[in-house]
Amino acid sequence: MVVFRGDPCGVTCIIITYLAVFYADYVVIEWLIIPSLSSSLWGGFNAVIFNILIFLMLMAHARAVFSDPGIVPLPSTGIDFSDIRAGQVPKKIFDKEGESWTVCQRCETYRPPRAHHCRICRRCIRKMDHHCPWINNCVGEFNQKYFIQFLFYVGVCSLYAIVLVIITWMVDCKECELSTANQSRRIAHTVILTVESILFGLFVTAIMCDQLSAIFDDETAVEAVQKSPDHTPSHKPRMALLSEVFGKGPIVFWLFPCHQTSSSYSSSSHMSPPHYDV
């Protein structure tokens with residue numbers, strides 16, 4: 001299911017993201033590779049590799065933006081929660097596997113374990129970590145893989161751009177030697193690119209470390225803040241926890257945003273609410 005939020009902040013962040021990516025690609029090709037490395041095969045090689053990384057980054061970002069993060073479906077018929085609001089019955093029910101389902105009074109539906117309500121999406125999201133304006137979507141059970149891939153490729157491209165800046169400035173730029181204006185423009189573009197790469201690189205590195213920590217601790221950001229007694233982090237091996245997010249196929253597929261995620265939470269018992277009286 002394709003989703004897209006009309007949140008102005010999220011849309012603005014997406015526009016900023018794409019402008020920053022296309023500007024970095026323009027500077028790398030037009031002001032780094034062509035003036036300094038176009039005479040050798042290394043120029044073409046680096047241009048191809050950098051643009052492949054850009055393509056994978058944009059693919060991962062698009063999947064994170066438009067993928068269903070794990071929206072809990074609304075019931076086809078209305079449910080009367082007046083007894084729950086009055087405190088006459090517990091706010092939890094248990095399905096046939098013993099999992100506790102809670103009631104979201106804002107969505108007016110039952111939600112599975114580890115699902116939380118997002119005030120921006122206005123829906124409950126399975127295994128919600130947080131709402132990220134840079135993808136204009138929640139990071140949840142079904143799109144966390146794409147979000148982490150996006151962070152990874154932004155970090156790699158940022159490092160790659162900085163390395164290319166260093167290498168190309170060590171190589172003579174014949175066009176720059178003939179034109180003082182070109183030399184000035186090249187300096188300005190490379191300074192902006194370096195600052196952009198450092199800022200975005202450090203930013204995504206911090207977020208990625210936080211995401212990996214959440215996976216290894218088996219505790220989302222929401223759960224860490226709420227300290228809910230209903231969730232007890234598992235003690236599974238780290239590779240098993242990573243496989244729940246990235247899929248159970250070969251590890252090389254974890255790098256590609258087109259591989260379907262296989263999660264233990266995608267079973268039928270977690271996709272539909274338990275039976276209840278309406």
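The following conversation takes up the cysteines and two helices of this predicted model.

Mentor: Local features here need pLDDT of at least 70 and side-chain atom pairs count only at pLDDT 80 or more, while totals for chains, interfaces and linings use all residues. Residues are numbered from 1 along each chain as its sequence is written, and side-chain values use heavy atoms, with hydrogens and water left out.

Trainee: Why is C104 not counted as bonded to C124?

Mentor: A disulfide is a pair of cysteine sulfur atoms within 2.5 Å, and because the sulfur of C104 is 3.3 Å from its closest cysteine sulfur, that of C124, the two are too far apart for a bond. C107 is likewise in no disulfide, with the sulfur of C124, the nearest from a cysteine, 3.7 Å away. The structure holds 0 disulfides.

Trainee: What makes C104 and C107 count as buried?

Mentor: Buried means under 20% relative accessible area, exposed over 50% and partly exposed in between, with a 1.4 Å probe and protein chains only. C104 has 2% and C107 has 12%, so both are called buried.

Trainee: How do you know whether S197 is buried or exposed?

Mentor: The relative accessible area of S197 is 6%, so this residue is buried. S197 lies in helix α6, residues 180-217, where a helix is a DSSP run of H or I with at least four residues, numbered from the N terminus. Leaving aside neighbours within four places in sequence, S197 is in contact (heavy atoms within 4.5 Å) with S158, A161 and I162.

Trainee: What covers the buried residues of α8?

Mentor: The cover includes α4 (144-170) and α6, and the buried residues of α8 (238-246) include L241, L242 and F246.

Definitions and conventions:
Helices (H or I, at least four residues) and strands (E, at least two) are DSSP runs, numbered from the N terminus.
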